[in-house]
Amino acid sequence: LARDEWLARLHGAKPERRAECEAGLQDTLERLGRVTETLDLRRYAEDFDAVMLAPERHLSIERTRMALDAMGMLREPEPDGRDEVEFCDLLGRDRRRWTVVLMYCDQVRDETAMGDRLSMAQRWLGL
């Protein structure tokens with residue numbers, strides 16, 4: 001958008017304003033180049049590390065409690081809150097929303113190698 005504006009200004013510029021428009025266009029093209037470099041997929045690992053090292057800068061969680069009946073219809077909650085289900089929405093910095101399930105896994109330190117677990121999963125699934 002800014003690049004197109006500078007190009008339009010440059011196209012109709014009088015000779016005394018041409019240098020100013022060229023400088024503005026050059027500055028815009030340099031900024032566009034820097035932004036384009038950050039979108040390069042070769043930087044994916046760096047971006048992933050940046051998010052994992054400081055997730056609070058990039059992601060947030062909103063929790064919503066709802067009372068649902070057996071058919072999944074919204075209804076008034078019981079006074080003790082026992083029939084409520086908590087939904088968690090993960091929000092990205094660009095305001096995209098993903099409904100996620102937060103869970104705790106107490107076997108994270110399982111000594112079984114990933115390859116062994118994949119082999120066992122293949123056997124169970126009959127692949």
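**Entry 1: strands**

I began with the strand pairing and found 4 bridges joining strand S2 (residues 84-92) to S3, the two running antiparallel. I note that the model is predicted.

I went through bridge partners between these two strands. Asp89 has Thr99 in S3 as its bridge partner. For Leu90 the partner in S3 is Trp98. I also looked up Leu91, which stands opposite Arg97 in S3.

Next I checked the hairpin of S2 and S3. There are 4 residues between the strands. Arg95 in this hairpin takes a positive phi, near 75 degrees.

Then I turned to S1. S1 pairs with S2 over 9 bridges, in the antiparallel sense. I looked up one opposite pair here: Ala67 faces Glu84 in S2.

**Entry 2: the sheet**

I put the pairings together. What is the order of the strands in the sheet? I read S1-S2-S3, an open sheet of 3 strands with antiparallel pairing. Strands S1 (59-67) and S3 (97-100) stand at the edges with a single partner strand each, so one side of each has no neighbour in the sheet. I also looked up the twist: neighbouring strands of this sheet are turned by 30 degrees against each other on average, direction ignored.

**Entry 3: the largest pocket**

I moved on to pockets. The largest pocket has a volume of about 380 Å³. Which residues line the largest pocket? I listed Asp47, Ala50, Val51, Arg57, His58, Leu59, Gly92, Arg93, Asp94, Arg96 and Trp98.

I sorted this lining by character and got 4 nonpolar, 2 polar and 5 charged residues. Helix H3 (residues 44-53) gives the most to the lining, with 3 residues. I also recognise Trp98 in the lining, the bridge partner of Leu90.

**Entry 4: the second largest pocket**

How much space lies in the second largest pocket? I noted about 210 Å³. Its lining is Thr38, Leu39, Asp40, Leu41, Tyr44, Asp47, Phe48, Val51 and Met52.

By character, I counted 6 nonpolar, 1 polar and 2 charged residues in this lining. H3 again gives the most, here with 5 residues. I see Asp47 and Val51 in the lining of the largest pocket and also in that of the second largest.

**Entry 5: aromatic rings**

I searched the whole structure for aromatic pairs. How many turned up? The search finds 0. The cut-off I keep in mind is 6.5 Å between ring centres.

I then looked for a charge over a ring. Arg9 lies over the face of Trp6. The distance I noted is 4.7 Å from the ring centre, against a cut-off of 6 Å for such a contact.

Conventions
Residues numbered from 1 in each chain as written. Predicted model: local features only at pLDDT ≥ 70, side-chain atom pairs only at ≥ 80, totals over all residues. Heavy atoms only, no water. Phe/Tyr/Trp six-rings, centres within 6.5 Å; stacked < 30°, edge-to-face > 60°. Lys NZ or Arg CZ within 6 Å of the ring centre and 35° of its normal. Pairing = 2+ DSSP bridges. Axes fitted to C-alpha atoms, helices over the stretch in contact; angles between N-to-C directions. 1 Å grid on protein atoms, 1.4 Å probe; cavity = no way out; pocket = protein on both sides within 12 Å on 5 of 7 lines; lining within 4 Å. Points joined across faces, edges and corners; volume = space filled by probe spheres on them. Nonpolar A, V, L, I, M, F, W, Y, C, P; charged D, E, K, R; others polar.
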